[in-house]
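Colleague: I'd like a close look at one part of this model rather than the full tour. Take me through the inside and whatever borders it, and spell out your cut-offs as you go.

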Amino acid sequence: SIVNVNSLRKLDIGNNEISNLPEEFNLLNNLDELWINNNKLKEFPRVLSKIISLKYLWMDNNQIEKIE
């Protein structure tokens, strides 16, 4: 469960055909680097705005057409 890794600081889930991120991502309180590039995201994951420690985000090569 992602709940058990709240001390995680870096996470690379690029190249996995991910189309959305679960709400539980907001529990990653110490995450400061996230790679979600080369996936199938169609919109900006709102849950990312809840991760206040996030400093670096790589999300190129997805299918995002707009950011709300």
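Modeller: By nonpolar core I mean a set of buried Ala, Val, Leu, Ile, Met, Phe, Trp, Tyr and Cys residues joined through side-chain atoms within 4.5 Å. Buried is under 20% relative accessible area, exposed is over 50%, and partly exposed is what lies in between (1.4 Å probe, protein chains only). Bear in mind that the model is predicted, so local features need pLDDT of at least 70 and side-chain atom pairs pLDDT 80 or more, while totals for chains, interfaces and linings use all residues. Numbering starts from 1 along each chain as its sequence is written, and side-chain values use heavy atoms, with hydrogens and water left out.

On to the core. The largest one has 15 residues, and Ile13, Leu21, Phe25, Leu34 and Ile36 have the most contacts inside it. Let's follow Ile36. Leaving out residues up to four places away in sequence, Ile36 touches Ile13, Gly14, Leu21, Leu41, Pro45, Leu48, Leu57, Trp58, Met59 and Asn62, where a contact is heavy atoms within 4.5 Å. So two of the other best-connected core residues, Ile13 and Leu21, turn up in that list.

Leu41, one of the partners of Ile36, sits in the loop between S2 and S3. At a relative accessible area of 2%, Leu41 is buried. With the same sequence neighbours left out, Leu41 touches Ile18, Ser19, Asn20, Ile36, Met59, Asn62, Gln63 and Ile64. Its C-alpha is also 9.0 Å from that of Asn61, 20 residues apart in sequence.

Asn62 is the polar one to watch, since it appears among the contacts of Ile36 and also among those of Leu41. It lies in the segment after S3 and is buried, with 18% relative accessible area. Its side chain reaches the backbone nitrogen of Asn39 at 3.3 Å, and a polar atom of that side chain is 3.4 Å from the backbone nitrogen of Lys40. The rule for polar contacts is a pair of N or O atoms within 3.5 Å; within protein, one must be able to donate a hydrogen and the other to accept it, and residues adjacent in sequence count only if both atoms are side-chain atoms. Beyond four places in sequence, Asn62 touches Ile36, Asn37, Asn38, Asn39, Lys40 and Leu41.

Asn37, another of those partners, is in the loop between S2 and S3 and is buried too, with 14% relative accessible area. Besides Asn62, Asn37 touches Gly14, Asn15, Trp58, Met59 and Asp60, again skipping residues up to four places away. Asn38, in the loop between S2 and S3, is partly exposed at 30%, and its phi is near 55°, a positive value in a residue other than glycine. Most residues other than glycine have a negative phi. Glu17, in the loop between S1 and S2, is a second case, with a positive phi of about 60°; Glu17 is exposed at 58%. Asn20 shares that S1–S2 loop and counts as exposed at 54%, although it is on the contact list of Leu41.

Now the sheet. Strands are DSSP runs of E with at least two residues, numbered from the N terminus, and two strands pair if DSSP finds at least two bridges between them. The three strands form an open, parallel sheet in the order S1-S2-S3. S1 (10–12) and S3 (56–58) are the edges, each pairing on one side only. S2 (residues 33–35) is joined to S3 by three bridges, with Glu33 opposite Tyr56.

Finally, the aromatics. Rings of Phe, Tyr and Trp (its six-membered ring) pair if their centres lie within 6.5 Å; planes under 30 degrees apart are stacked, over 60 edge-to-face, the rest tilted. There are two pairs. Trp35 and Trp58 stack at 4.5 Å centre to centre, with 5° between the planes. Trp35 is in S2 and Trp58 in S3, so this pair ties together parts that are 23 residues apart in sequence. Tyr56 and Trp58 are stacked as well, because their centres are 6.0 Å apart and their planes at 20°. Ring pairs thus link Trp35, Tyr56 and Trp58 into a cluster. Trp35 is partly exposed at 23%, Trp58 at 33% and Tyr56 at 46%.

Technical notes: Helices (H or I, at least four residues) and strands (E, at least two) are DSSP runs, numbered from the N terminus.
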